[in-house]
Amino acid sequence: MNKKLVIYDFDGTLFDTYESLVLVYQRGFAAIGMECTKEECAHHMHHSLGETIMERKVPENLIPLFVEKIVDALDDDDVISLIKPFPETLDALKRCDKACCKLAIVTGNTTTHVHKVLKYYGWDEYFSCVIGSDICPETKPNPAPLNKALSSFPIISKEEAVYIGDSLQDLEAAKRAGIDSYLVNRASKEIIPTTQKGYFDLTSILNQLKIPTESK
């Protein structure tokens, strides 16, 4: 095991945010008089807010209100309560911590929101760095957010870093940043053909990386 930095995506990787994001998107669209089904929400979750605005043809004069309502809804208490860690998430964080791996999060979500969720579960102390859309506006697969995170660990080389995410955009961002990556592919329960690194959970990925269950 030669990884000293493990960077995680947030939504769909560490936390199951599906139910919470359905509520967020529905509140955002309702504020501008548009509907959004659960199926449409599931689609939008894997795209940036800018891409969603363009795809749904949100009128230009309503974009500021839409964005405001989406951002506000993210931190509503009832939304936060719907966010659940995946069963193996805490164990994965503990394994990395015991192996003396630095931990970071790179996400299209906001840094404020991620910290609020981490604090809700008492896990904020595990992470040395969180890069969200409010810190780096470029979105994956642009490598800028990952490069921003990597710059926070100047003594760790790219060869010693790995990015774990749940979408092909995550893998492409890592490729462009020049670091290794793994896909946690929970939804389809099958490996996506374009990658040989698709795993069903974080435990399988950490096993592949040979991160021990206990520090030696």
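Helices (H or I, at least four residues) and strands (E, at least two) are DSSP runs, numbered from the N terminus. This report applies those terms to a predicted model.

## The chain as a whole

The chain contains ten helices and eight strands. For 216 residues, a compact globule would be expected to have a radius of gyration near 17 Å, and the chain agrees with this because its own value is 17 Å. Along the principal axes, the C-alpha atoms occupy a box of roughly 55 × 35 × 35 Å.

Of the 216 residues, 47% are buried. The exposed surface of the chain comes to about 10700 Å², and 53% of that area is supplied by carbon and sulfur atoms. When contacts between residues at least 6 apart in sequence are considered, 66% of them join residues at least 24 apart. Charged side chains number 24 positive and 32 negative, with the centres of the two sets lying 6 Å apart.

## Asp-9 and Thr-13 in one loop

Asp-9 lies in the loop between strand 1 and strand 2. Thr-13 is also found in the loop between strand 1 (5-8) and strand 2 (15-16). Are these residues buried or exposed? The limit for a buried residue is under 20% relative accessible area. Asp-9 has 5% relative accessibility and therefore counts as buried. Thr-13, at 0%, is buried because its value also falls under the limit.

The side chains of Asp-9 and Thr-13 are joined by a polar contact of 3.1 Å. The side chain of Asp-9 makes another polar contact, with the side chain of Lys-140, at 3.0 Å. On the side of Thr-13, a polar atom of the side chain lies 3.4 Å from the backbone nitrogen of Asp-166.

Once neighbours within four places in sequence are left aside, the contacts of Asp-9 include Leu-14, Val-106, Thr-107, Lys-140 and Asp-170. Asp-9 also touches Tyr-163, Ile-164, Gly-165 and Asp-166. Under a like exclusion, Thr-13 touches Ile-164, Gly-165 and Asp-166, and its other partners include Tyr-8, Phe-86, Thr-89 and Arg-186. Val-184 and Leu-202 are also in contact with Thr-13.

## Backbone features

Most residues other than glycine have a negative phi, and most peptide bonds are trans. Which peptide bond in this chain is cis? The bond that joins Lys-140 and Pro-141 is cis, with omega at about 20 degrees. Pro-141 is found in the loop between strand 5 (129-131) and helix 8 (144-150). Lys-140, on the other side of this cis bond, is the residue whose side chain meets that of Asp-9 in a polar contact.

Two residues with a positive phi are set out below.

| Residue | Phi | Loop | Relative accessibility |
|---|---|---|---|
| Lys-57 | near 55 degrees | between helix 3 (49-55) and helix 4 (63-74) | 67% |
| Cys-100 | about 65 degrees | between helix 6 (89-98) and strand 4 (102-106) | 66% |

Neither Lys-57 nor Cys-100 is a glycine. A residue is exposed when its relative accessible area is over 50%. Lys-57, with 67%, is therefore exposed. Cys-100 likewise counts as exposed because its relative accessibility is 66%.

Notes. Residues are numbered from 1 along each chain as its sequence is written. This is a predicted model: local features need pLDDT of at least 70, side-chain atom pairs count only at pLDDT 80 or more; totals for chains, interfaces and linings use all residues. Side-chain values use heavy atoms; hydrogens and water are left out. The radius of gyration is taken over C-alpha atoms; the globule rule is 2.2 Å times the number of residues to the power 0.38. Buried means under 20% relative accessible area, exposed over 50%, partly exposed in between (1.4 Å probe, protein chains only). Contact means heavy atoms within 4.5 Å. Accessible areas come from the Shrake-Rupley method with a 1.4 Å probe; for residues, only the protein chains shown count as cover. Lys and Arg count as positive and Asp and Glu as negative; His and the chain ends are not counted. The place of a charge is taken as NZ of Lys, CZ of Arg, CG of Asp or CD of Glu. A polar contact is a pair of N or O atoms within 3.5 Å; within protein, one must be able to donate a hydrogen and the other to accept it, and residues adjacent in sequence count only if both atoms are side-chain atoms.
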